[in-house]
Amino acid sequence: MSGTDAKGAGGRPPAAIRLPRIRVRRWLYGALVASTTLAGAAMMLDIMRDGGVTLLELVILALFTATFGWIAMPFWNAVIGFALALLGRDPLSLERLSEPGEGPPDAAAGSSRTALVMPVHNEDPARVTAGLAAMLRSLDRAGRLDRFDLFLLSDTTDPAIAEEEAAAWAALHRRFGAAAAMHYRRRAANTGRKAGNIADFCRRWGARYDFMVVLDADSIMTAAALTQLVRAMEANPQAGLIQTVPLPARRTTLFGRCIQFASCLYGPLLAAGQAWWQCDTANYWGHNAIIRVAPFSAHCGLPVLPGRPPLGGAILSHDFVEAALMRRAGWEVYLLPLLEGSYEEAPGNVVDYARRDRRWCQGSLQHLRLLGVPGFHALNRLYFVLGAGGYLSSVAWLLLLLAGTLYVLLQGPGAPLLWAPRLWPGPAVPLLAVTAGLLLAPRLLALLQVLAARRGAFGGAPRLLAGTLIETLFSVVVAPVMMLYHTRFVASVLAGRDIRWEAQVREGSTLGWREAWAGGAWWITLAGAVWAAVTLYASPAFLLWLSPILTGLLLAAPLIRWTSSRGPGAWTRRRGLLLVPSETAPPPELAAGETSTAAARPAAAEADRRQLVSPAGQVP
């Protein structure tokens with residue numbers, strides 16, 4: 001499919017997806033990542049080998065190789081995505097991208113029937129129905145309202161929220177019920193969580209529909225995006241699932257705006273590189289995707305893992321597994337990185353972000369138990385590993401830093417910097433340069449691509465550059481904090497601690513100092529202080545090397561507190577910083593949803609505040 005096929009209105013209608021040289025692409029990507037990882041490991045070994053390699057240095061080498069390989073993958077995704085953009089080629093077909101207006105005239109979708117399904121569980125009814133109303137209005141304006149049936153699939157268990165939900169649905173039905181087919185179903189129990197909710201829809205109504213577009217409670221999609229997805233499925237009968245790239249929108253806190261800016265600036269380039277080698281075996285991210293109902297119903301029932309939770313029992317993260325089951329059944333799965341008009345929301349503060357990651361961490365570690373299931377495609381097994389690697393890489397990073405600290409401690413107080421005789425001049429300098437290049441290149445390439453093609457959508461070149469600098473500094477400070485959160489989550493899962501499935505906090509709320517400390521800042525700051533004191537005692541020079549890490553840990557409380565505030569977020573917005581295309585030229589769907597939910601924010605913020613911490617006062 002060409003890039004214009006996958007874009008919004010104005011592009012030519014989708015054609016059959018062509019994927020030339022699939023094996024070559026995958027082998028080339030694997031070779032690039034592997035050779036880069038081996039080169040980094042060789043450079044590290046060269047630093048160590050003078051005078052012999054100790055057991056501790058071998059441990060450091062192994063941990064370094066793992067983390068170096070982890071950053072090599074997004075680096076090559078960014079390089080490939082940048083090359084595709086520079087050459088004007090579609091990531092899937094490799095064909096030249098069409099200019100607006102080129103190609104045959106637009107065509108209506110065929111005779112298929114599509115359901116829009118939104119499973120909810122104790123969500124804010126005002127926000128949910130505002131998003132649905134925005135999508136219904138968009139479809140109505142496009143003359144496509146009769147092609148989609150809407151299902152709000154409620155698993156709400158809180159009686160007060162259920163009452164508000166029923167009233168909000170009734171109001172929505174009064175506005176659109178005469179023109180749209182709308183259905184509301186509420187289950188008494190959240191059996192099977194979201195996957196069980198969707199499975200119940202498939203059993204009861206799935207036979208009526210060719211496709212379903214799965215939405216999260218915070219999803220908004222334009223009529224153009226929805227229509228293009230349906231056309232793509234109709235044009236490709238081998239497709240079982242097509243995933244879009246949902247971009248965060250409507251974030252107001254400083255934390256949320258940094259996450260939103262990074263996703264909108266870097267995400268499309270990385271996704272294009274990813275789609276280039278994934279081809280017909282892409283992944284499923286759980287929402288803002290279209291699914292062929294019949295094969296999904298027949299083949300994508302989730303297995304129950306043997307043993308007790310957290311690693312056994314029901315699978316917590318359903319999406320990767322459903323994509324693997326769909327592919328095993330012979331259906332193809334695609335990622336369309338160039339399709340516009342797909343949006344979601346992101347957590348508004350560090351604590352909410354960590355709470356969401358705790359659930360994802362448990363589900364991702366469960367996926368490792370599926371690696372030996374027969375019939376899965378090799379790429380789906382890779383996605384299981386990469387999903388878990390998102391958390392295990394934090395553990396490896398922490399262990400690498402601790403191993404380096406231990407090495408310095410073993411040299412005794414006042415010891416010289418780790419491998420000091422070989423650092424300057426010596427082989428460590430090129431290694432440091434290569435590592436920095438791998439980390440920063442995706443940002444720089446995405447920045448160059450946007451500066452060349454659409455800098456106005458981010459507020460213009462000066463504001464784009466300033467926003468990139470702010471987001472980069474923010475990432476440097478928050479990364480070590482998330483490293484400790486993720487390490488704790490992995491340890492918690494391995495220790496057998498299960499979690500309750502609760503509604504995700506959607507609306508960013510400002511945290512007070514007490515909430516920031518209770519949400520994790522106390523133990524993160526304590527860990528940073530102890531680590532800094534030990535390192536200062538052993539080697540002040542090595543403390544300087546660890547300063548970027550320790551700074552984030554020691555500033556955890558103000559970081560969590562201040563980035564959760566809407567004040568700094570509003571300041572950046574007023575000054576045109578951290579702007580994204582959905583703010584400089586907001587689509588009507590987002591503007592309508594924002595207006596409709598503004599009145600509900602005070603109540604939503606108070607409800608969010610009650611869910612910020614677990615009964616023990618900490619992120620679980």
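**Exercise 1.** Is arginine 251 buried or exposed?

*Solution.* The model is a predicted one. A residue counts as buried when its relative accessible area is under 20%. The relative accessible area of arginine 251 is 5%, so arginine 251 is buried.

**Exercise 2.** Identify the salt-bridge partner of arginine 251 and locate both residues in the chain.

*Solution.* Step 1: the partner is glutamate 345, and the closest N and O atoms of the pair are 3.5 Å apart. A salt bridge requires a distance within 4 Å, and the pair forms one.

Step 2: arginine 251 lies in the loop between strand 7 (247–248) and helix 8, while glutamate 345 lies in the loop between strand 12 (342–344) and helix 11 (350–367). The pair therefore ties together parts that are 94 residues apart in sequence.

Step 3: glutamate 345 has a relative accessible area of 4% and is thus buried.

**Exercise 3.** Describe the salt bridges of aspartate 280 and aspartate 149.

*Solution.* Step 1: side chains of opposite charge can pair when their charged atoms come close.

Step 2: aspartate 280 pairs with arginine 26, with 2.9 Å between the closest N and O atoms. Aspartate 280 is in the loop between helix 8 (254–278) and strand 8 (289–292), and arginine 26 is in helix 2 (residues 22–48); the two are 254 residues apart. With a relative accessibility of 9%, aspartate 280 counts as buried.

Step 3: aspartate 149 forms a salt bridge with arginine 113 at 3.0 Å, N to O. Here a residue of strand 2 is linked to one in the loop between helix 3 (55–87) and strand 1, 36 residues apart. Aspartate 149 is buried, at 9% relative accessible area, whereas arginine 113 is partly exposed, at 40%.

Step 4: the whole structure holds 18 salt bridges.

**Exercise 4.** Compare the span of helix 5 with the expected value, and explain how its buried residues are arranged.

*Solution.* Step 1: helix 5 covers residues 159–176, which is 18 residues. At 1.5 Å a residue it should span 26 Å, and its end C-alpha atoms are 26 Å apart, so the values agree.

Step 2: the buried residues are Ile161, Ala162, Glu165, Ala168, Trp169, Leu172 and Phe176. Viewed down the helix axis, these buried residues fall within an arc of 130°, and therefore they line one face of helix 5. An α-helix has 3.6 residues a turn, so residues three or four places apart point the same way.

Step 3: the buried residues of helix 5 pack against strand 1 (114–120), helix 4 (125–141), strand 2 (148–154) and strand 3 (181–186). On the other side of the helix, Pro159, Glu163 and Arg174 are exposed.

Step 4: at the start of helix 5, a side-chain oxygen of aspartate 158 comes to within 2.9 Å of the backbone nitrogen of alanine 160.

**Exercise 5.** What is the phi of cysteine 279, and where does this residue lie?

*Solution.* Step 1: most residues other than glycine have a negative phi. Cysteine 279 has a positive phi of about 55°, although it is not a glycine.

Step 2: cysteine 279 lies in the loop between helix 8 and strand 8, and with a relative accessible area of 1% it is buried.

**Exercise 6.** Which two residues does a cis peptide bond join?

*Solution.* The cis bond joins proline 309 and proline 310, with omega about 15°. Proline 310 is in the loop between strand 9 (304–305) and strand 10 (313–314).

Note on methods:
Residues numbered from 1 in each chain as written. Predicted model: local features only at pLDDT ≥ 70, side-chain atom pairs only at ≥ 80, totals over all residues. Heavy atoms only, no water. Helix = DSSP H or I, 4+ residues; strand = E, 2+ residues; numbered from the N terminus. Expected span 1.5 Å × (residues − 1). Buried < 20%, exposed > 50% of the residue type's maximum accessible area, 1.4 Å probe, protein only. Arc of directions from axis to C-beta. Contact = heavy atoms within 4.5 Å. Polar contact = N/O pair within 3.5 Å; in protein donor to acceptor, adjacent residues only side chain to side chain. Salt bridge = Lys/Arg side-chain N within 4 Å of Asp/Glu carboxyl O.
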